[in-house]
Amino acid sequence: MARTRLYAGEQLRALRIAAGVNQAAMAARLGISVSYLSQLESGERPLTASVTAALRRHHPAALSAMEGEAPARRLGALERALADPVLPPSPPAESIARLAEERPEIADRIIALHATMRDAEARLQMVEEVMASGAEARMPWEAVRDWFHDAGNYVDTLDRAAESLAEAIGEGDAPSEGALAAELAGRGVTIVQSRDETAPLRHFDQARGLLTLNDALPAESRRFLLAHQLAALRFAGPIADIAAAGGSDAARTLLSIGLANYAAGAITMPYGRFRTAARSMRHDIDRLSRRFGVSFEQACHRLSTLQRAGAAGIPFYFCRVDMAGNITKRHSATRLQFARFGGACPLWMVHEAVAIPDRILVQHAETPDGVRYVSMAKGLVKPSGSFTRAPRRYAVLLGCEAEHAADFVYADAIDRAAPPTPIGISCRLCPRPDCDQRAFPPADRAIRVDAEVREVVPYRIV
């Protein structure tokens, strides 16, 4: 009998993240190309004999776990593939289980075909979005955003180092502003406040060891910038090593800044303590913000990074949306994925939240693939400090799949017996034929226009 093929994309990706290496380093370790590793991690290809041998040399325990869990993973993957709403109704559960057990090679083929179909849809989405944006290549900012997405929004090396530092210098849940300032002073850094309203939020004169902070900063922002500067100095080596794979000079610089910001979040919200507190509070953002002395947005963003192997938090999606509907931050550890360019579905309540600052909105929604989600959105305002400059207005969105609703306090405000709001990713990518909020037809569907009939949307999707 032929050797059963092993698809272990999620486990391989989790192993790489836990090891604190990027795709290029892991590919070199396994003796394969980066593109081939990407296909393995996406579940598009099975582990080959040579890859299995390399894993056995470098990660024997992880390989044993992958092989031992293969039957259960195969059944789960087959059930998800056959439940895809674009396919005919799924056969009975007993039939699926028998197929996975008695004909694993056929089950693997079905899983691979489904993954290939989804990959083709993702590639179409990318092409469509790039064409719609008029961009010929990723800008440095987009490249860094995609780097964090590919890393699962979790950087193990920095996260663990920051947690150790926080435990060494902090008292209580996390280091205070005074503890951070003292640590910087010990490294020869002098901190001053600038009363110049036009001054940058932070400026570091490396030659003089002088860190200048804008006097108008709120306490949580000031503390975060102190942590950022400490991380940039304390973890300069690891940050430089990771950022070396950032691409262009601008992308590497932006990635370095992003990594220092990541470490700052891990210092002010140490992984273990923050995860434990989040679970005990059912992820109540206001309570977490007060306990750790951070802003609402900082707490939301940190929750989306809790992806440590063996100690992961609830898989959340997180995004920040500006007044024009542009997604300026995004990450998803769930099946919901954000559009890489432009705005999001107009039915997401995050757009309403932008116009209603300091008020939390909740939503029960369903995507075209039938997955249901519970979300929380809050509009925020960052004062400019002057009447002559408009404040920054935006909203943050945090959500999870509905199966985790019991651990998400905001789900208590939702009537889950009522029909969920039908949302999509963006109009150009959404297949729903009957949405009155549609701005554009889907990129992969034809339309029919009747000159004698005028409905809310002036065309029908074929």
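Trainee: Which residues line the second largest cavity?

Mentor: In this structure, which is a predicted model, the second largest cavity is lined by Tyr317, Leu336, Trp348, Gln363, Ser375, Leu397 and Ile423.

Trainee: And how do those residues divide by class?

Mentor: The lining of the second largest cavity divides into five nonpolar residues, two polar ones and no charged ones, and the space inside that cavity comes to about 40 Å³.

Trainee: How many cavities of 30 Å³ or more are there?

Mentor: The count comes to two cavities of 30 Å³ or more, and the largest cavity has a volume of about 70 Å³.

Trainee: What lines the largest cavity, then?

Mentor: Its lining includes the cysteines Cys345, Cys427, Cys430 and Cys435, together with Pro346, Leu347, Pro422 and Ile423, and Gly424, Ser426, Arg432 and Arg438 also belong to the lining of the largest cavity. By class, that lining has eight nonpolar, two polar and two charged residues.

Trainee: Changing topic, which residues touch the most other members of the largest nonpolar core?

Mentor: That core has 66 residues, and the ones that touch the most other members are Phe235, Leu259, Ile285, Leu303 and Leu398. Helix H14, covering residues 249-268, supplies the largest share of this core, with eight residues.

Trainee: What does Leu259 touch, leaving aside residues up to four places away in sequence?

Mentor: With those left aside, Leu259 touches Trp147, Phe148, Val155, Leu158, Ile239, Ile242 and Ala243. Apart from the largest core lies another core, of 21 residues, among them Val321, Ile327, Trp348 and Ile423.

Trainee: OK, now rings: how many aromatic pairs does a search of the whole structure find?

Mentor: The search finds eight aromatic pairs, and one of the pairs is formed by Tyr154 and Tyr271, which meet edge-to-face at 5.9 Å centre to centre, with 70° between the planes. This pair links distant parts of the chain, since Tyr154 is in the loop between helix H9 (140-150) and helix H10 (156-169), while Tyr271 is in helix H15 (residues 271-280), 117 residues apart.

Trainee: Are Tyr154 and Tyr271 buried or exposed?

Mentor: Both Tyr154 and Tyr271 are buried. Phe408 and Tyr410 form another edge-to-face pair, at 5.2 Å centre to centre with 65° between the planes, and both Phe408 and Tyr410 are buried as well.

Trainee: Which residues do ring pairs link into a cluster?

Mentor: Ring pairs link Tyr317, Phe338, Trp348 and Tyr373 into a cluster, and you have already met Tyr317 and Trp348 in the lining of the second largest cavity.

Technical notes
Residues numbered from 1 in each chain as written. Predicted model: local features only at pLDDT ≥ 70, side-chain atom pairs only at ≥ 80, totals over all residues. Heavy atoms only, no water. 1 Å grid on protein atoms, 1.4 Å probe; cavity = no way out; pocket = protein on both sides within 12 Å on 5 of 7 lines; lining within 4 Å. Points joined across faces, edges and corners; volume = space filled by probe spheres on them. Nonpolar A, V, L, I, M, F, W, Y, C, P; charged D, E, K, R; others polar. Core = buried A, V, L, I, M, F, W, Y, C linked by side-chain atoms within 4.5 Å. Buried < 20%, exposed > 50% of the residue type's maximum accessible area, 1.4 Å probe, protein only. Helix = DSSP H or I, 4+ residues; strand = E, 2+ residues; numbered from the N terminus. Contact = heavy atoms within 4.5 Å. Phe/Tyr/Trp six-rings, centres within 6.5 Å; stacked < 30°, edge-to-face > 60°.
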